[in-house]
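User: I would like a close look at one part of this model, the sheet in the first chain. Please describe how it is put together, and then place it in its surroundings.

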Amino acid sequence: MSETKIETTVHGMMAEFTTVDSLLSACRRVRDAGYTKTDAYTPFPVHGIDKALGIKPTVLPWICLIAGATGTCIALAMQIWMNSIDYKYIISGKPFLSLPAFIPVAFELTILLASFGAFFGMWALNGLPKFSNPMFTDPRFDRATDDRFFLYVDASDERYDAAGVRSLMADTGSDYINEVVEDDSPKEVPKPVFLIWGLSVAASLVPLICILTMRVTNSSQPRFHIFFDMDFSPAKDAQQVTSLFVDNRAMRSDVPGTVARGQMEESLDMLTGIDVEALTLTDPPRVERLVRAYMQADDQAKAEEQETLEKEAEATDEATEAAEAAPASVMDTTPWVEKNPLTVDADLLATGQQQFAIYCSVCHGMDGYGNGLVNQRAQSISAPTWVPPASMHQETLYADKYPDGKLFSTISNGIRKMPGYAGQIKLKDRWAIVAYVRALQKSQNASLDLVPDAKKAAVEKAVEEAKAELKRQAEEAEKAAAARQQAQQ
Amino acid sequence: MSLAIPNGLDNTVERPGERAPLVLGETTYHDITEAVCKVAERPPSKGWIGGFLVAFALLQMLGLLIVYLIYTGVGVWGNRAPIFWGWPIVNFVFWVGIGHAGTLISAILFLFRQEWRTSINRAAEAMTIFAVACAGTFPGIHVGRAWLAFWLAPYPSLNLWMWPQFRSPLLWDVFAVSTYGTVSLLFWYMGMVPDLATFRDRSKNKYRRMAYGILCLGWSGSSRHWMRYEKAYAILAALAAPLVLSVHTIVSFDFAVSQVPGWHTTIFPPYFVAGAIFSGFAMVLTLMVPARQMLNLEKLITIRHLENMCKIILATGSIVGLAYGTEFFIAWYGQVPAEQFAFLNRAFGPYAWAYWTMISCNVISPQIFWFKKARTTPWIIVVVSIFVNIGMWFERFVIVISSLSRDYLPSAWAYFSPTWVDWGMLIGSFGLFFTLFLLFCRTLPVINMAEVKATLAKQEHMAHLHGHGEEAGEGH
């Protein structure tokens, strides 16, 4: 076989043996003959062969030691940096730098890196992976991993001489000796392997390219969510249906005995609009009921209190109808708070104006005369059960006859057809509305003398402008009415 | 070439002054190669195909259940207040415990020069890797949002702006189990490389030869390579030995570092490690006894190998029994009422059935191995090893469930009931394990041929010395 490949490079000479002992004695003879570039190939580690061939010990243990020590240092540095310096956790009162707690991870990383050192260090020192080896060209060498032992002398050895090595090997009792030649047989990788390799590389790039494209381009679409996590809250809207509660309502009232955030008010006077100190002298049971209703969220007490207020209102209305001229508050024995407990200033009035515009004006009108949009609509369709909203400008609603506390109570608990607004308007905002209503009442009866001198001119000018504007609007309305009439004709 | 065991060849008899043979019959190196390679080279048997189909179906079930779990949420399990560590953690500790025998056999028995390990270490290491894969599945899906499990890793996260908490045993556990899995894999693979070269050199098929050629990294059997290889193997063994002890120690910290009565005990680390070795050896026996018969490997995995493993089962089973007793003693001696209640509740409470199942399987059943007849009869070995597997699963069940179900707050006490998903996942994890194991039998060398050949060489060398009298021994 070797005759046909004269020009191939000769790497060395190999001899085959069938037993460990014959290999070992051959090794010793080759070593004693002075060859140094030798090697043996065996199916299992043969003990004593390193001495027989003169193989030096390896530095692998040192690589391992360094890798292991690196692991310890990395682990300790990592844990100290992460938990003691950069992000300090307080855990069971331990010090931030608690070394005993860092031992397990340090131990594991030491072992891990030392193992990497042993594993990868060994392959690196052995020069593996190396898939092409001149030894593999001889088909008989396949048995080196089965049951045959091979001795090899490299051609680069100073003493190498093909005939001499061959005869030395023949002397050791080997029955197969052959030159190791360069592997020049064409052993290309089969095409399907290349195809599969190429396809899988291309396929593995697809997700990467997708991610990179998404990272660098802008999109008007919302972010793509594989898992929604809590990015979109499944919270229900107020009027939606839910299967969680027996009444199927998503909107829940406060749990009995609880006070919502921002609703905690020490003063019962402020919560009820009643002068509780005065009430204690006349009606102690009612005070107890008020405490239960407002401080302890007792629904039953609240209902009873509501009933009392309704009865009082009805009695007052009847008395008013019966005696036209009689004072409206004749039947009302409740000691109401006389004065708004909040400091009345421009801010409070602004809040009150805003809240009045939102909640009250739809019925009572922006000006408080009781002719809001809802009332206009109800009148136009002659709604049979409609009770017209009260005007804020009747004398019975002035502060001397209708104290601030009573007005507050009416806003909170409702009267006649008007529902209570305690659930919708915040406590302090209700008091702000009270203040604003008082200002509104005053605005319809105020004289220019009440205005400070510095602002008189401005007010007069504003009044003139407002009058002119009203006039203009009235004229326009007339014109429009005339135009409509003409159009109808 | 048949390797059926010859009649009357019994290597379990101790003869004074002689080492018992570990490879039986007139076996040559080539016979070993043939016996091991044939397992992967011959067409698959009907038994293998049937077993693989069943295991693969169970694996698919596990996969579907995991998808269902992630899609729906962890409420599909039976984990309810106060038992938030339910079956997933029981299964995790069970599997990670089983995963201890492989590295123990490879590393510790290697360091103690126990040569009988050579026939069984490969399969035991494979079993370790597959058991760790099963174990790793459960904490991964138990974190709730499984797709964020990578948050456990200490990486500079732009989402969280914080680091993991290194004083938590749960994080130690992440490092311990992943290091263990990695090192076991390296150890297993490195040990397999020379045998993969044997597979390569026997391959007739071009593609098969190429695949094994790449897997064995171009191994040639050079003596220089062998020298560094053996050094690296010894170092890895020396590193893996403390590692294998540390892993179940750290798993036990998951429990012992907490305050729950029944968990907060200092005996846990040694007790867990003994239990892990116990369960691991039981699983090795459960697999090896039928496998050696089906794969015709009786001459290489001999009765003596089985007997040795039975002795370890007996020893570790008794250690575990002693630990159960010690827990009770310390509960009484420590005079902590909650602790005393926890242990009485284990033995006589609503989970008494589980506790006594555990005691009978783990402590009582291995005692039969005091009799040599039992240690050398394969069917008895299989039955006892299966009992031990069941018992060790129940041990983890008792520890996790009974302690959590009745802790300090009696108003929260509850009785755990698993859902069909819990059952499905436990069974499915066996599907994963057996799928991997059966694939391993068909594609990779099930026995470490190189080491068995080395053992055979040594055995022949000793026989040679013995046969030729004292004078031939000179110079060796």
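**The sheet of chain A and its surroundings**

Analyst: In this predicted model, helix α5 (residues 162-171) of chain A lies across β1, β3 and β4 of chain A and runs at about 10° to β1(A). The sheet beneath that description is open and has four strands, in the order β2-β3-β1-β4 of chain A, with antiparallel pairing. Its edge strands are β2 and β4 of chain A, each of which pairs on one side only. On average, neighbouring strands of the sheet are turned by 25° against each other, direction ignored. As background, strands of a sheet pair through backbone hydrogen bonds, either parallel or antiparallel.

The pairings can be taken strand by strand. Strand β1 (residues 10-17) of chain A is joined by six bridges to strand β4 (residues 176-181) of chain A, and the two run antiparallel. Within that pairing, Ala15(A) has Ile177(A) in β4(A) as its bridge partner. Six bridges also join β1(A) to strand β3 (residues 149-154) of chain A, again antiparallel. Here Phe17(A) has Phe149(A) in β3(A) as its bridge partner. From β3(A) the sheet continues to β2(A) through four bridges, and these two strands run antiparallel. Ala40(A) stands opposite Leu151(A) of β3(A).

Is β1(A) enclosed or open to the outside? Seven of its eight residues are buried, so β1(A) is largely enclosed by the rest of the structure.

Leu151(A) also leads to the packing of the interior. The largest nonpolar core has 184 residues, and Leu151(A) and Val284(B) are the ones that touch the most other members. Helix α8 (residues 223-256) of chain B gives this core its largest share, 17 residues. Apart from this core lies another, of 16 residues, including Cys360(A), Met392(A), Tyr402(A) and Leu407(A). In general, nonpolar side chains in soluble globular proteins tend to be buried together. As for Val284(B), its contacts beyond four places in sequence are Ala101(B), Ile120(B), Ala124(B), Met127(B) and Met309(B).

The edge strand β2(A) brings in the second chain. Between the chains, 55 residues of chain A are in contact with 52 residues of chain B. On the side of chain A that touches chain B, the elements giving two or more residues are β2 (38-41), α2 (49-53), α3 (60-86) and α4 (99-125) of chain A. The largest share of that side, 15 residues, comes from α4(A).

Two places in chain B round off the picture. One is Leu69(B), which sits in helix α2 (residues 46-72) of chain B. Leu69(B) counts as buried because it has 20 C-beta neighbours inside 10 Å. Leaving aside neighbours within four places in sequence, Leu69(B) is in contact with Val74(B), Val76(B), Ile141(B) and Val421(B). Its C-alpha atom is separated by 9.6 Å from that of Ala146(B), 77 residues apart along the chain.

The other is a helix pair. Helix α3 (residues 87-98) of chain B packs with helix α14 (residues 378-405) of chain B at an angle of about 140°, with axes 9 Å apart. That angle makes α3(B) oblique to α14(B). The crossing in which α3(B) passes α14(B) is right-handed. From α3(B), Ile89(B), Val90(B), Val93(B), Phe94(B) and Gly97(B) meet Met392(B), Trp393(B), Arg396(B), Phe397(B) and Val400(B) in α14(B).

Notes. Residues numbered from 1 in each chain as written. Chains lettered and ligands numbered in written order. Predicted model: local features only at pLDDT ≥ 70, side-chain atom pairs only at ≥ 80, totals over all residues. Core = buried A, V, L, I, M, F, W, Y, C linked by C-beta atoms within 7 Å. Buried ≥ 20, exposed ≤ 12 C-beta atoms within 10 Å, placed from the backbone. Contact = placed C-beta atoms within 7 Å. Pairing = 2+ DSSP bridges. Axes fitted to C-alpha atoms, helices over the stretch in contact; angles between N-to-C directions. Parallel < 35°, antiparallel > 145°, perpendicular 65-115°, else oblique. Left-handed = near helix turned anticlockwise from the far one by under 90°.
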